[in-house]
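Please walk through this structure as a tutorial, taking one feature at a time and saying how each is read.

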Amino acid sequence: MEVSNREVARKLLLLSELQEITGDNVFKIRAFYRAADIIDRLNNPVALMSDEDLRLVPGIGPAIAKKVREIGKTGTCNELEELRAKVPPSLVELLNLEGVGPKTIAVLWKKLNVQCIGDLEKAAAGHRIRSLKGFGEKKEQGFLRSIALYRAAGGRMDRVEAESVINNLSGAFTPGTWVVAGSYRRGKSSIGDIDIVTTESASVINPKLKNRVDEVIDEGERRTSVRVRGHRVDIRFTHERQLGSMLIYLTGSKEFNIRLREIAIESGRKVNEYGVQERADGKIHEFSNEQDMFAFLGLQNIIPELRENQGEIELARNYQLPQLVGLTDIRGDLHVHSDWSDGSLTLEQLAMNGETLGYDYILCSDHSATLGITHGLDEEKLQRQSHEIERVNRMGGTCTLLHGTEVDILVNGSLGLQDHALSELDLVIASVHTSLKEDRDSMTRRVIMAVENENVDIIGHPTGRLLGKRPPFEIDLSRIIDRAKETGTSLECNASPWRLDLDDTDIRHSKELGVPISIGTDTHHEDDFSHMRYGVTIAQRGWCSAKDILNSLTLQELLDWAS
DNA sequence: GCCGTTTTCGGCCCGACTGTTTTCAGTCG
């Protein structure tokens, strides 16, 4: 079986982590780290790529290409195995502890034979750390706290959790003086920590934080870090006149900032969070907004959602960034449940909500009857629903209810409703809800069968992940995307903040092959309609323009597309 | 280890804060 890009990337990442602990050249380590990240985002399987094609990928040179081919063939490579023999791989987990880096790990391992987190805990509790040169009592206590924190950690946040953490702190700031930056602002589907930029001063804000946080991690005039409900929040204080550069700096991504700084170096300048500095005379140019700073660097304004160093900077230099889809391009919601299955709204209420939102259409897509827990519809009930939908549409609202279903893809790849019933519907979503643990090949073939069914228009939440709760199915998405392109089937960007499935990079791959993306909120309750904004953000991160999005079509265009 | 519209060798983003130090290394974002 072919080794997936993810596996190759993991091996290269492990290699770079072990190199870090052994104190290898930092630039070499970074080269491996970067290569891992690049390969993880690549669509074409590197295991199948020729040497020449591999070398054409920026960031992959002769040495890494050789290792990639080795891993592609054997699942591992020589250098990795040699390092594993020399360094206990369990040490790598220590890198996850806050305040513990490769140098610290190397010392602990060599001097105290610490090989895993448990060992470190015992050494710290037994006060054996403080005897080491460069270590003291505070470090010892810090390790114990980091271990406790790591074990209790809820991991990454979904966007709803992130918003509640932000709300916890919002009272400390004067409205209009602060902006949430970081991965939250870039619209990522999951968020590690929260970054905030404020124009209020540290002396004003720091005291106000005390009773709103679990812990103050560190506190300064320029930056304060706190912990709220187990999550780290970094706050940077800035002057209004430097807000632009500080926002760019703290919004990231890290890779984006590095590329930006490289570009500045080309013209003899230095970029930091305070502005752009001329190397020659030290003069600093300050920017109160991001757009001015981008313009100064010769770049088109780059929206936060694109700042991942995935080609956007090069396009911005030529003023060729695409016009991305926006919320106002969305003419309807293509995944909504009613009280005919497990939703809470009546058909009339769906139409009324659509009207309030200014939509031209809403796809009523209740579950099929095979899914016991959701009181799904069988063929007969589906027909009765059809009459009801006609009745609601005759009431003359401005939002048309389309009749569809979210039909189950059964374990053998057949669908939970008969073809004759499906062919009567306006649009059909097909989704996997059961037997989620199948192997990669079976799951892929199962979904491809649904793609190939001529009545199926959209594959719903194609990877089945639930953020932070359930990993994606084992599935070969590149095969699904290829087949969807051939059959003209759309793939869903499920806008539920707990799914966001497909995610940005998969959306970009689909879009690049011309597979239409359908954004649906998977609404079950009235509040869920507002999740459309999350879906649009992910589509922006996937470089989609309005033309790439199925529900930016007019009602007539959509019906023509489906027929 | 990668890379080149100054370079095939000599660079590689930049700064804040802590702890352990008598000037800085390590970590983090």
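The dialogue below goes through the DNA surface, the cysteines, the cavity and the unusual backbone geometry.

Q: What should be settled about the model and its numbering before any feature is read?
A: This is a predicted model, in which local features need pLDDT of at least 70 and side-chain atom pairs count only at pLDDT 80 or more, while totals for chains, interfaces and linings use all residues. Residues are numbered from 1 along each chain as its sequence is written, chains are lettered from A and ligands numbered from 1 in the order in which they are written, and side-chain values use heavy atoms, with hydrogens and water left out.

Q: How many residues surround DNA strand B, and which are the closest?
A: A residue is near a strand if one of its heavy atoms lies within 4 Å of it. Here 50 residues surround DNA strand B, and G59, G61, T104, G136 and R261 are the closest. By residue class, this surface divides into 17 nonpolar, 10 polar and 23 charged, where Ala, Val, Leu, Ile, Met, Phe, Trp, Tyr, Cys and Pro count as nonpolar, Asp, Glu, Lys and Arg as charged, and the others, Gly among them, as polar.

Q: Which parts of DNA strand B lie within 4 Å of the protein?
A: Of the strand's atoms within 4 Å of the protein, 77% belong to sugar or phosphate, and the rest to bases. A polar contact is a pair of N or O atoms within 3.5 Å. A backbone N or O atom of G61 lies 2.6 Å from a phosphate oxygen of DNA strand B, a polar backbone atom of G101 is 2.8 Å from a phosphate oxygen of the strand, and for I64 the corresponding distance is 3.2 Å. Among the elements that give two or more residues to this surface are α4 (62-74), α6 (102-112) and α13 (254-266), helices being DSSP runs of H or I with at least four residues and strands runs of E with at least two, numbered from the N terminus.

Q: How many disulfides does the structure hold?
A: A disulfide is a pair of cysteine sulfur atoms within 2.5 Å, and the structure holds 0 of them. C364 is in no disulfide, the nearest cysteine sulfur, that of C399, being 11 Å away.

Q: Why does C364 count as buried?
A: Buried means under 20% relative accessible area, exposed over 50%, and partly exposed in between, with a 1.4 Å probe and protein chains only. C364 counts as buried because its relative accessibility is 0%.

Q: How is empty space inside the protein found, and which residues line the largest cavity?
A: Rolling a probe the size of a water molecule over the atoms shows where empty space is left. On a 1 Å grid over the protein atoms alone, a cavity is a set of points where a 1.4 Å probe fits but cannot get out, and lining residues have an atom within 4 Å of a point. The structure holds 1 cavity of 30 Å³ or more, and about 50 Å³ of space lies in the largest cavity. Its lining consists of S245, I248, Y249, N257, L260, R261, V271, N272, E273 and M293.

Q: Where do cis peptide bonds and positive phi values occur?
A: A cis peptide bond joins G252 and S253, with omega about 0 degrees, and S253 lies in the loop between α12 and α13. Another cis peptide bond joins D501 and L502, with omega about 5 degrees. L500, although not a glycine, has a positive phi of about 40 degrees, and L500 is found in the loop between β16 and α21.

Conventions: Polar contact = N/O pair within 3.5 Å; in protein donor to acceptor, adjacent residues only side chain to side chain. 1 Å grid on protein atoms, 1.4 Å probe; cavity = no way out; pocket = protein on both sides within 12 Å on 5 of 7 lines; lining within 4 Å. Points joined across faces, edges and corners; volume = space filled by probe spheres on them.
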